[in-house]
Amino acid sequence: MGFARTCSVALVGVEGVVVEVQADLEPGVAAFTLVGLPDKSLSESRDRVRAAVVNSGAEWPQKKLTVGLSPASVPKGGSGFDLAVAAAVLGAAERIDPRTIADLVLIGELGLDGRVRPVRGILPAVLAAAEAGYSQVVVPEQTAGEASLVPGVSVLGVRTLRQLIAVLTDEPVPDEEAGEEGRPDAMLAGLLVPGAGIGTGLAAAPTEGPDLTDVAGQHRARLALEVAAAGGHHLLLSGPPGAGKTMLAERLPGILPPLTRQESLEVTAVHSVAGILPPGEPLVRRAPYCAPHHSATMQSLVGGGNGLPRPGAVSLAHRGVLFLDEAPEFSGKALDALRQPLESGHVVIARAAGVVRLPARFLLALAANPCPCGRHTLYGAGCECPASLVRRYQARLSGPLLDRVDLRVEVEPVTRADLLGQGGRGETTAVVAARVHEARTRSAARLAGTPWRVNSEIPGHELRTRYLAAPGALATAERDVERGLLTARGLDRVLRVAWTVADLAGHDRPDGQDVALALELRTGVARGVPVGAGEPA
């Protein structure tokens, strides 16, 4: 009779649960039983592990073999348990010392020839192991860089099961052949979901993205973009086709500050689980940009899928930008499903297989035409849309959703002078990004010691009691509340935007001009504030 145990990790959403893999050998008819709520891909590991062990030069035990995955109440899926199952079996068969694997966490898929193939979700799995007190992990060689991002954990990257056996038994480690130089590594196929990346707007980000100088004119929209980036405010760009709404939104990630170390780990964990982490780039350092097509379903936006839910667009855009072009064309249910994550910064998805909590702290950018043909606001453009059709089209963006959008800007058609550059080009992305960084630094100093990072996260009660505007600055906003032009939530959002405008201008607290500009950006009604007000000289 032989017994051995080791550990692996089961992922529930983007959170990991350490699973103890136990192997028990008893005299009897040769059989291999796997218990502990495995799914189909995990149940098939019996054949993969047997072939991998034999092809790695080890002897398969001809006894009754039972492998248990504990805790048995946690659903387990995927092929990442193969390496731990093989090690436990070899420990029970005394091919390796069971004591050497008792405190190891092993993650990886096995090929029939014994090669160790990479799997998705390495970073959140190693994070879970570290939080549980484990300090040694074994992962596929291709994902060792991703696992090494977790501090305090010793990472061993192996290419084959034969190498792992040699390391654990103090034998010479064999040199395994790598793939041919110049050819794609077929082993990396396990890291990427087919079709992911480019289609979601989450392919490997270039070192230099599109620049704001490419946008002709649109001074008010550029100011709104800067305010959105500085305070983390949601943004609606409405206007006729060809005015530059999509160009502006695509340049929004470029002026966002670089991700902090903690934010990078959060984003990398989500992307690793989703299978869109670019090979060779274990850590995401730039704010992600996700732009799903308007035919996207509610499940693709907030998360879903068979079994345990997988991250949707709101989670893939975590700490970055979620851009919905042609927003009125999206399903009403899909749009209204965004309301909860816009407020809470996370999404909770309940399915029969379990409940998953996924991060979703993103900056929402919406782009919309004024009517189905897009020419409703243009004089003499020949719009033939009936008034009732225009109202129905604009009503597709529900009031509760728009109430959560801080900035609403009308993007006017580009003039001939702006298009030809006669009025001069606007500031570059680098200049605007530097100003946004300074504003973020001011707000971070003010919010130090609080759970909030940017102005858009400050609760309304705190804005009215702790972070007060200058005396008399809110007179216009208070009149709008009395007239029913602003809701209570709308007033709170105006205050948040006013603080961001003040941070950009270097003011200690918002004055009347800052609040007036915030009201104009919120309601779209001109308040007599010149373009550039609130910006530093």
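Asp-514, Val-515, Ala-516, Leu-517, Ala-518, Leu-519, Glu-520, Leu-521 and Arg-522 are the buried residues of helix H23 in this predicted model. That makes 9 of the 12 residues in H23, so the helix is mostly covered by the definition of buried as under 20% relative accessible area. What do these buried residues pack against? Their partners are helix H8 (219–231), helix H17 (399–402), strand S16 (407–410), helix H21 (475–482) and helix H22 (488–505).

H23 itself runs over residues 512–523 and reaches 16 Å from its first C-alpha to its last, close to the 16 Å expected at 1.5 Å a residue. Both ends of the helix have something to look at. At its start, a side-chain oxygen of Asp-511 comes to within 3.2 Å of the backbone nitrogen of Gln-513. Just after the helix, Gly-524 adopts a positive phi of about 80 degrees.

Now to the other end of the chain. Strand S1 (residues 2–12) pairs with strand S2 (residues 15–26) in the antiparallel sense, over 11 bridges. One of the bridge pairs joins Gly-2 to Leu-25 of S2. The hairpin of S1 and S2 has 2 residues between the strands, and Gly-13 there has a positive phi near 70 degrees.

Aromatic rings are worth a visit too: the structure holds 3 aromatic pairs. The rings of Phe-32 and Trp-60 have centres 5.6 Å apart and planes at 40 degrees, so this pair is tilted. Phe-32 sits in strand S3 (residues 31–35) and Trp-60 in the loop between helix H2 (45–55) and strand S4 (64–70), so to speak distant parts of the chain, 28 residues apart. Both Phe-32 and Trp-60 are buried.

In another pair, Tyr-467 and Trp-499 have ring centres 6.3 Å apart and planes at 85 degrees, so they meet edge-to-face. This pair also links distant parts of the chain, 32 residues apart: Tyr-467 is in the loop between helix H20 (460–465) and H21, while Trp-499 is in helix H22. Tyr-467 counts as buried at 7% relative accessibility, and Trp-499 is buried with a relative accessible area of 5%.

Next come some backbone details. Most residues other than glycine have a negative phi, and most peptide bonds are trans. Against that background, two residues with a positive phi can be set side by side.

| Residue | Phi | Location | Relative accessible area |
|---|---|---|---|
| Leu-37 | near 60 degrees | loop between S3 and helix H1 (40–43) | 46%, partly exposed |
| Gln-218 | about 55 degrees | loop between helix H7 (161–168) and H8 | 10%, buried |

Which peptide bond is cis, with omega near 10 degrees? The bond from Ser-70 to Pro-71 is, and Pro-71 is found in the loop between S4 and helix H3 (82–92).

Finally, a word on confidence. The protein chain has a mean pLDDT of 88, with 90% of its residues at 70 or more. Among the elements, strand S5 (residues 105–106) has the highest mean pLDDT, 98, and helix H18 (residues 416–419) the lowest, 77. Over residues 180–184 the pLDDT is below 50, and this stretch has 0 contacts in the model beyond near neighbours in sequence. Residues 533–537 also stay under 50, yet the model gives them 15 contacts beyond four places in sequence.

Technical notes:
Residues are numbered from 1 along each chain as its sequence is written. Side-chain values use heavy atoms; hydrogens and water are left out. pLDDT is the predictor's confidence in each residue, from 0 to 100. Helices (H or I, at least four residues) and strands (E, at least two) are DSSP runs, numbered from the N terminus. Contact means heavy atoms within 4.5 Å. Two strands pair if DSSP finds at least two bridges between them. The expected span of a helix is 1.5 Å times one less than its number of residues. Buried means under 20% relative accessible area, exposed over 50%, partly exposed in between (1.4 Å probe, protein chains only). A polar contact is a pair of N or O atoms within 3.5 Å; within protein, one must be able to donate a hydrogen and the other to accept it, and residues adjacent in sequence count only if both atoms are side-chain atoms. Rings of Phe, Tyr and Trp (its six-membered ring) pair if their centres lie within 6.5 Å; planes under 30 degrees apart count as stacked, over 60 as edge-to-face and the rest as tilted.
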